[in-house]
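Thanks for coming, everyone. I would like to walk you slowly through one structure today, so please have a look at it before I go on.

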Amino acid sequence: MSILRRIQGWFGFYCTGYEYQIKVDDITIPMLFFSHPPKTHKMVRKLAYYRDHGDFDKAVYLTKDMILVDGYITYLLAKREHLRWVPAVFVEDDAITNRQLKEEIKNIRENEEDV
């Protein structure tokens, strides 16, 4: 990662398509992920990869306001392993193809505005 991109990340300015290290606790998880838990064999496989390589096989994918779009297993394993930081790639809203997820992200944003 370039020095400029790292400095931008420190101040909360993230470019889409680049990987950053993000605090796990800053990530918002849409309810859609809770209602569809990952399969056990996937969790076991990804945990084994993490323990063998010291890194995840896949980053989490987030909107610019830190809402999870993909990589739920990576997020869960980071929490399970008590990690503070997780690799994350930011995506534009128009890259999200799941309509149910888009609707939930919209609802999360509206609820945050109401607070």
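**The sheet and the pocket**

Let me begin with one pair of residues: Glu19 has Val89, in strand 4, as its bridge partner. I should say at once that what you see is a predicted model. Glu19 belongs to strand 1, residues 19-23, and this strand pairs with strand 4, residues 85-90, in the antiparallel sense over five bridges.

Where do the side chains of strand 1 point? They alternate along the strand, with Tyr20 and Ile22 buried on one face, while Glu19, Gln21 and Lys23 point to the other face and are not buried.

Stepping back, four strands form an open sheet in the order 1-4-2-3, with mixed pairing. Strand 1 and strand 3 are the edge strands, each of them pairing on one side only, and neighbouring strands are turned by 50 degrees against each other on average, if direction is ignored. At the strand 3 edge, strand 2, residues 60-62, runs antiparallel to strand 3 and is joined to it by two bridges, and Leu62 has Leu68 as its bridge partner there.

Strand 3 also takes us to the largest pocket, because strand 3, together with helix 2, helix 3 and helix 4, supplies at least two residues of its lining. The volume of this pocket is about 510 Å³, and of the 21 residues that line the pocket, Phe33, Val69, Asp70, Gly71 and Tyr72 are the closest to its centre. Helix 4 gives the most to the lining, with three residues, and the lining as a whole divides into eleven nonpolar, five polar and five charged residues.

Note on methods: Residues are numbered from 1 along each chain as its sequence is written. This is a predicted model: local features need pLDDT of at least 70, side-chain atom pairs count only at pLDDT 80 or more; totals for chains, interfaces and linings use all residues. Side-chain values use heavy atoms; hydrogens and water are left out. On a 1 Å grid over the protein atoms alone, a cavity is a set of points where a 1.4 Å probe fits but cannot get out, and a pocket is an open set with protein on both sides within 12 Å along at least five of seven lines; lining residues have an atom within 4 Å of a point. Grid points are joined across faces, edges and corners, and a volume is the space filled by probe spheres set on the points. Ala, Val, Leu, Ile, Met, Phe, Trp, Tyr, Cys and Pro count as nonpolar, Asp, Glu, Lys and Arg as charged, and the others, Gly among them, as polar. Buried means under 20% relative accessible area, exposed over 50%, partly exposed in between (1.4 Å probe, protein chains only). Two strands pair if DSSP finds at least two bridges between them. Axes are lines fitted to C-alpha atoms, for helices over the stretch in contact, and angles run from 0 to 180 degrees between N-to-C directions.
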